[in-house]
Amino acid sequence: MSTTVLHGNGVVPGIGVGPVVRPMPRPELPQHEESLDAETGAERFSAAAALVADRLAARAEHASGAAADVLRATSSLARDRGLVELVRTRLTEGSGICASTAGAIEELSAMFAAAGGLMAERITDLEDIRDRVIAELTGQPEPGIPMPAVASVLCAGDLAPADTAGLDPAAIVAIATSLGGATSHTTIIARQLGIPCVVGTDGLDDVADGTAVLVDGSTGEVILDPDPDLARERQDAAAVAREAAATWRGPGATADGHAVEILANVQDGAGARKAAETHVQGVGLFRTELGFLERDVEPTVEEQAAVYREVFAAMGERKVVIRTLDAGSDKPVSFATIKDEPNPALGVRGMRLGLRDEGLMDRQLDAMALAAEESPGPVWVMAPMVAAEDEAEWFGAKVRKRGLTPGVMIEVPSAALHADRILRHVDFVSIGTNDLSQYAFAADRMAPSLARLTDPWQPALLELIQRVAQAGHDAGKPVGVCGEAAADPQLGCVLVGLGVTSLSAAATAAPLVGATLSGVTLRACQAAAQAALRAKGPAEAREGAAEHLG
Ligand code: PEP
Ligand code: MG
């Protein structure tokens, strides 16, 4: 019997085997609804929304980190007073309660869409709230992820953030989606939970519920009705990888002793404390803007310093690379971001905000310098979205003046082309592959339908990375990678083969990257890199690299 194998993008390594389960469908809207007086209707809506909010909050209690944040944020959105008022207006106009709910959410979604960026991304949360409230009002089953009795594989088009955030890794042993890319929400949450995950899987929508499948998060394969021997073999190999990650002690190096720093990406003190439990050598990317997303007013220098101190303290003597605000586009921060830009991803975002309002940059650097005074370990400071040499010069001088080590991110193709010139002014660079692929391929990193282009195995992206690594080598300065590319163990080896000197990934992913690297020689990494560079596309690059890496 021939086996059917579907192919996608493996984003969280590991094996999961089980029957397919899918999210419960959206509830049906009733054809006819009696109209209610506005007060009774608004009360019924509020009660249903409060129940939904409570359930989401309860799930947040069992989650942690980004997953818990998403659930809490959706829960408080469900309690939004403005939403009740929008529902009340429609009830007053004579609409039924479900139609009023749907209409109110539609209006709020339009406002979020107009705001763009992170607000626009929250439309999925709003739609999720709408479906749960309507199910509650009409007595239909709650939409979203079922709680299967046997370990199952969750398959979907894409997953609502609130669904992925509440997943129980004991019940859902793998995830496969037909949409989504390496930087999508599904990927980030699955990585945090350590659930093997394949996204952008061709043909997945035709697989019937209950079909036994094997998901291989390393190769990107989804195998239907897998042969039991094959399943056992893959599971054994994954168990070996898990064990290798658990027993990896660092410091990062190839099998023949070529040193490569293995670092963690964090966003706050809690994340840093988790990372410190692993053997990573420090933090390679501290995303400071993520701690200020909810702030309307710029935090004072002392308030900022307190946040940064927590991370420095958690990492002890290990190095921390802290990034200045990367506000704008997919991460709007209301006190910093410019509103109503026609194209925020190409607008005044990242360091451009500091160039426009120098005080914003100066106050943040002052806070970093203040916090660094008490840091037991080295503090390196880098700026996001640098596009030109004079920007690097401007930033480098500011950081040096405060006695800190300056660097910049390479996320814009112009910066990759001029990495040699940029390195005249700063002491290191770190490649943000998420944005570098978005800008090199003219493909929105949030668009699931363009995930093929923003795949970090794209040979043209690898060539840009090689160019930057060469510039670092010539200048005798470190070149790291801190985008999602560094979380892929095989790709991590390829990046080392291209000349990258450090890899920074989520703390859940970094140990396996370190362990994988410790099993291959530098020559194998270089041969894998050459094979990937020669490939016609990501799939061929993966295959070509695997031949050298095993
Ligand atoms: C990147 O662009 O790769 C990066 C690390 O920055 P962020 O994902 O925060 O934009
Ligand atoms: Mg970026």
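Which strands form the closed barrel, and with what pairing? In this predicted model, the barrel is built from 8 strands that follow one another in the order S9-S10-S11-S12-S13-S14-S15-S16, and the pairing is parallel. On average, neighbouring strands of the barrel are turned by 25° against each other, with direction ignored. One of the pairs joins S10 to strand S11, which covers residues 319-323; the two run parallel and are linked by 4 bridges. Within this pair, Gly282 stands opposite Lys319 of S11.

A second sheet is open. It also contains 8 strands, arranged in the order S1-S8-S7-S3-S4-S5-S6-S2, and its pairing is mixed. Strand S1 (5-7) and strand S2 (9-12) are the edge strands, each pairing on one side only. Neighbouring strands in the open sheet are turned by 30° against each other on average, again without regard to direction. At one edge, S2 pairs with strand S6 (residues 197-199) in the antiparallel sense over 3 bridges. Here Gly10 is found opposite Val198 in S6. Helix H9, made of residues 228-247, packs on this sheet and touches strand S3 (15-21), strand S7 (212-216) and strand S8 (221-224). The direction of H9 makes about 130° with that of S3.

The model also holds ligand 1, which is surrounded by 14 residues. The closest of them are Arg287, Arg323, Lys331, Asn434 and Arg445. By class, the shell consists of 7 charged, 4 polar and 3 nonpolar residues. Two elements, strand S10 (282-287) and helix H17 (433-440), each supply at least two residues of this shell. H17 gives the most, with 3 residues. S10 thus appears both in the barrel and among the suppliers of the ligand shell.

Several polar contacts involve oxygen atoms of ligand 1. In the case of Arg287, a side-chain N or O atom is 2.7 Å from an oxygen atom of the ligand. The side chain of Arg445 likewise has an N or O atom at 2.9 Å from a ligand oxygen. For Asn434, the atom concerned belongs to the backbone: an N or O atom there lies 2.8 Å from an oxygen atom of ligand 1. Taken alone, ligand 1 exposes 290 Å², and the protein buries 99% of that area.

Technical notes. Residues numbered from 1 in each chain as written. Chains lettered and ligands numbered in written order. Predicted model: local features only at pLDDT ≥ 70, side-chain atom pairs only at ≥ 80, totals over all residues. Heavy atoms only, no water. Near = heavy atom within 4 Å. Polar contact = N/O pair within 3.5 Å; in protein donor to acceptor, adjacent residues only side chain to side chain. Areas by Shrake-Rupley, 256 points an atom, 1.4 Å probe, with all protein chains shown as cover. Nonpolar A, V, L, I, M, F, W, Y, C, P; charged D, E, K, R; others polar. Pairing = 2+ DSSP bridges. Axes fitted to C-alpha atoms, helices over the stretch in contact; angles between N-to-C directions. Contact = heavy atoms within 4.5 Å.
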